Amino acid sequence: MTSTFAIKLLAAYATIYWSTAVFSHENHVEKKPAATAMTAEQKDWGIAGDVKAVNRTITLHMSDDMRFTPAHLEVKQGDTLRLIVKNNGNLLHELVIGSKDALNEHAAQMLKFPTMEHDSPDMAHVAAGKTREVIWHFNRSGDFAFACLIPGHYQAGMVGTIRVSSALAQTANDDHAAHHPAPAAPADLAANSDMTEGEVRKVDLVTKKIMLKHGEIKNLGMGAMTMVFQVNDPAFLSQVQAGDKVRFRAEQIKGAFVVMSMEKHTP
Ligand SMILES: [Cu+2]
C-alpha cells in the first residue's frame, strides 16, 4: 500500500519535472489529482483563487470565429475573478491566462505538439456548447492576456487582454481616500472607492439596459436614485439579476448614462 503510493508519488513528480524541463511550463500532467495536490504556484499574472474570495464574476464567450467576448478585462489588483467561460461554437476552445510571452511560447509548443494535454488553475478547456469556470486571484498588477491555444485559434486572433491596475496607484489617485484616509480599510476597499454601490432592480436583455438603485455617483455629481443605464458590454447583463448588490462605474456618453464596469458585491 505504502510503496504503491510512493511509486505513484514518484511518478507524479517525474511527470511534473519532465514537463517543466521539456516545455518550460508546468502542469502538463495527465491527471488532475496530481495537479491539485501541488501547492498553488505564484505566477507573474496571479495565483489560483479561492472560491470563497471571489469578488467579481465575468462571463467570457468563445466563438468559432476565433474571438472572445469581451476581449478586454479591466481588473484591480487583489480581485479574485470567477471567469465563466462559455463556448458558443461547435469546436473545442480553451481559455489560458498568462503573460504575452508565456502565451506565445505555449502557443508555439501547441503547434509543435498538438495532442499535448495540459491543465492548470489558470486554464479551462471548454467543449462545444459547454461552460466551465476559472477562479483566479490577480494579486499582481500589469498587462496580461488570455488566449485559446488550440493550434490555429491563437494564430487566428483568439486572444484578449487583461489590465490589472495597481492597488497602490488607485489609492493615490483617489481624492476621497486621500482626504479622508481610512487606515483600517483593506487595500481592496480603497481600490474600489471610485465605484458606486448599487442594487440591481431589473435586467432587460432585449433593450440591453439595466435598472439600478444606486448611491451617489461621485464622478457624475449625481445623487442617489433608481435609474436605467445602458451598458458598455452586454455581457454584464448575464452576470447579474434583480436583487444583486453590485459596484459599478458609470459615465455619461453623448447624453446617455452607460455602465462601464460592474462587479458583484458580496458584503
Ligand atoms: Cu479556440
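**Exercise 1. The two sides of helix 3**

Find which exposed residues sit on the face of helix 3 turned away from its buried side, then work out how the buried ones are arranged.

*Solution.* Keep in mind that you're looking at a predicted model.

Step 1: Start on the outside. The face turned away from the buried side carries the exposed residues Asp101, Ala108, Leu111 and Lys112.

Step 2: Now list the buried residues of helix 3: they are Ala102, Leu103, His106, Ala107 and Met110.

Step 3: Look down the axis of helix 3. Its buried residues fall within an arc of 130 degrees, so they line one face of the helix.

Step 4: Ask what that face packs against. The buried residues of helix 3 pack against strand 6 and strand 9. The helix, residues 100-112, lies across strand 6 (93-98) and strand 9 (142-147), and it runs at about 140 degrees to strand 6.

Step 5: Check the length. Helix 3 has 13 residues and spans 19 Å from its first C-alpha to its last, which is close to the 18 Å expected at 1.5 Å a residue.

**Exercise 2. Put the strands in order**

Work out the strand order of the five-stranded open sheet and say which strands are at its edges.

*Solution.*

Step 1: Read across the sheet. The order is 4-10-9-6-7, and the pairing is mixed.

Step 2: Find the edges. Strand 4 (72-76) and strand 7 (123-126) each pair on one side only, which makes them the edge strands.

Step 3: Look at how the strands are turned. Ignoring direction, neighbouring strands of this sheet are turned by 20 degrees against each other on average.

Step 4: Zoom in on strand 10 (residues 159-165). Five bridges join strand 4 to strand 10, and these two run parallel. Two of the partners in strand 10 are easy to look up: Leu73 has Ile162 as its bridge partner, and Glu74 has Arg163.

Step 5: Move to the other pairing of strand 10. Six bridges join strand 9 to strand 10, and here the strands run antiparallel. Phe144 has Ile162 as its bridge partner.

**Exercise 3. Into the core**

Find the residues with the most contacts inside the largest nonpolar core, and trace the contacts of Phe146.

*Solution.*

Step 1: Recall a general tendency. In soluble globular proteins, nonpolar side chains tend to be buried together.

Step 2: Go to the largest nonpolar core, which has 34 residues. Those with the most contacts inside it are Leu83, Val85, Leu95, Val96, Phe146, Ala147 and Leu149.

Step 3: Pick Phe146 and skip its neighbours within four places in sequence. You're left with contacts to Phe68, Leu95, Val96, Ile97, Gly160 and Ile162.

Step 4: Don't stop there. A second, separate core has 14 residues, among them Ile217, Phe229, Val240 and Met262.

**Exercise 4. Where does Lys264 stand?**

Decide whether Lys264 counts as buried, partly exposed or exposed, and find what it touches.

*Solution.*

Step 1: Place the residue. Lys264 belongs to strand 15 (residues 256-264).

Step 2: Count neighbours. A residue needs 20 or more other C-beta atoms within 10 Å to be buried, and 12 or fewer to be exposed. Lys264 has 17 C-beta neighbours inside 10 Å, so it counts as partly exposed.

Step 3: List its contacts. Not counting residues up to four places away in sequence, Lys264 touches Arg56, Thr57, Gln239, Val240, Asp244 and Val246.

Step 4: Compare sequence with space. Lys264 and Gln239 are 25 residues apart in sequence, and their C-alpha atoms are 8.2 Å apart.

Methods:
Residues numbered from 1 in each chain as written. Predicted model: local features only at pLDDT ≥ 70, side-chain atom pairs only at ≥ 80, totals over all residues. Pairing = 2+ DSSP bridges. Helix = DSSP H or I, 4+ residues; strand = E, 2+ residues; numbered from the N terminus. Axes fitted to C-alpha atoms, helices over the stretch in contact; angles between N-to-C directions. Contact = placed C-beta atoms within 7 Å. Expected span 1.5 Å × (residues − 1). Arc of directions from axis to C-beta. Core = buried A, V, L, I, M, F, W, Y, C linked by C-beta atoms within 7 Å.
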